[in-house]
Amino acid sequence: MSDAPEEVAWQGKWITAKRRGKWKYVARARGIRAAAIVAIDADGHVLLVDQYRVPLGKRCLELPAGLIGDEAGHEDDSPFDAARRELIEETGYDCAAIEDLGEYHSSPGLVSESFTLVRATGLTRVGEGGGLADEDILVHRVPRAEIAAFVAAKRAEGLAIDVKLLLLLSGALLGD
């Protein structure tokens with residue numbers, strides 16, 4: 001454990017590069033966090049999205065997700081408020097219920113960011129989805145039993161696969 005003080009090496013609007021002793025890592029600026037949504041409809045389909053990710057240089061298959069507190073007027077949103085807003089914005093589906101599945105860290109050796117994982121149920125189609133005007137989000141409604149094959153097909157097409165999809169793939173990857 002490092003007792004060294006935390007130093008800010010660089011700060012932008014969205015991220016901050018930090019140093020503590022020999023460790024260098026990145027954090028979200030202004031305490032912004034994230035919410036990721038496992039959205040399951042009444043027919044047992046899971047909603048996934050894919051969008052172009054600049055750091056990867058290609059499209060990425062992901063759970064619907066978004067930042068908490070990044071927009072004016074939404075700085076004090078709960079993870080559940082943000083998850084519902086992002087679900088509608090990205091997929092065009094609203095939900096009747098949101099269940100807290102906990103807080104997780106995706107790459108704790110490099111990034112201090114965490115995300116709150118939620119399960120959204122009681123889905124109702126309320127719009128087109130696709131994200132904001134500058135986003136090009138494609139929505140996929142995939143039967144739970146076909147998730148592994150769907151992810152494999154998207155990987156074969158050249159899409160990146162977000163680590164959070166391991167949640168849905170664990171049984172298939174572990175031979176269950």
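Helix α1, formed by residues 79-91, lies across the strands β5 and β12 and runs at about 75° to β5. This arrangement belongs to a predicted model, and the two strands named here offer a convenient way into it.

Both strands are part of an open sheet of four strands, whose order is β12-β5-β6-β13 and whose pairing is mixed. The edges of this sheet are β12 (138-143) and β13 (160-161), each of which pairs on one side only. Between β5 and β12 the pairing is antiparallel and extends over six bridges. Within this pair, Leu48 stands opposite His140 in β12.

A further helix also lies on these strands. Helix α2, residues 147-156, lies across β5, β6 (58-62), β12 and β13, and its direction is at about 145° to β12.

The path now leads to the loop that joins β4 (33-39) to β5 (45-53), where Asp41 is found. Is Asp41 buried or exposed? Its relative accessible area is 11%, and because buried means under 20%, Asp41 counts as buried.

Which partners does the side chain of Asp41 have? One is the backbone nitrogen of His45, which the side chain of Asp41 reaches at 2.9 Å. Another is the side chain of Arg141, with which the Asp41 side chain makes a polar contact at 2.6 Å. When residues up to four places away in sequence are not counted, Asp41 touches Leu123 and Arg141. The contact with Arg141 leads back to the sheet, since β12 spans residues 138-143.

Methods: Residues numbered from 1 in each chain as written. Predicted model: local features only at pLDDT ≥ 70, side-chain atom pairs only at ≥ 80, totals over all residues. Heavy atoms only, no water. Helix = DSSP H or I, 4+ residues; strand = E, 2+ residues; numbered from the N terminus. Buried < 20%, exposed > 50% of the residue type's maximum accessible area, 1.4 Å probe, protein only. Polar contact = N/O pair within 3.5 Å; in protein donor to acceptor, adjacent residues only side chain to side chain. Contact = heavy atoms within 4.5 Å. Pairing = 2+ DSSP bridges. Axes fitted to C-alpha atoms, helices over the stretch in contact; angles between N-to-C directions.
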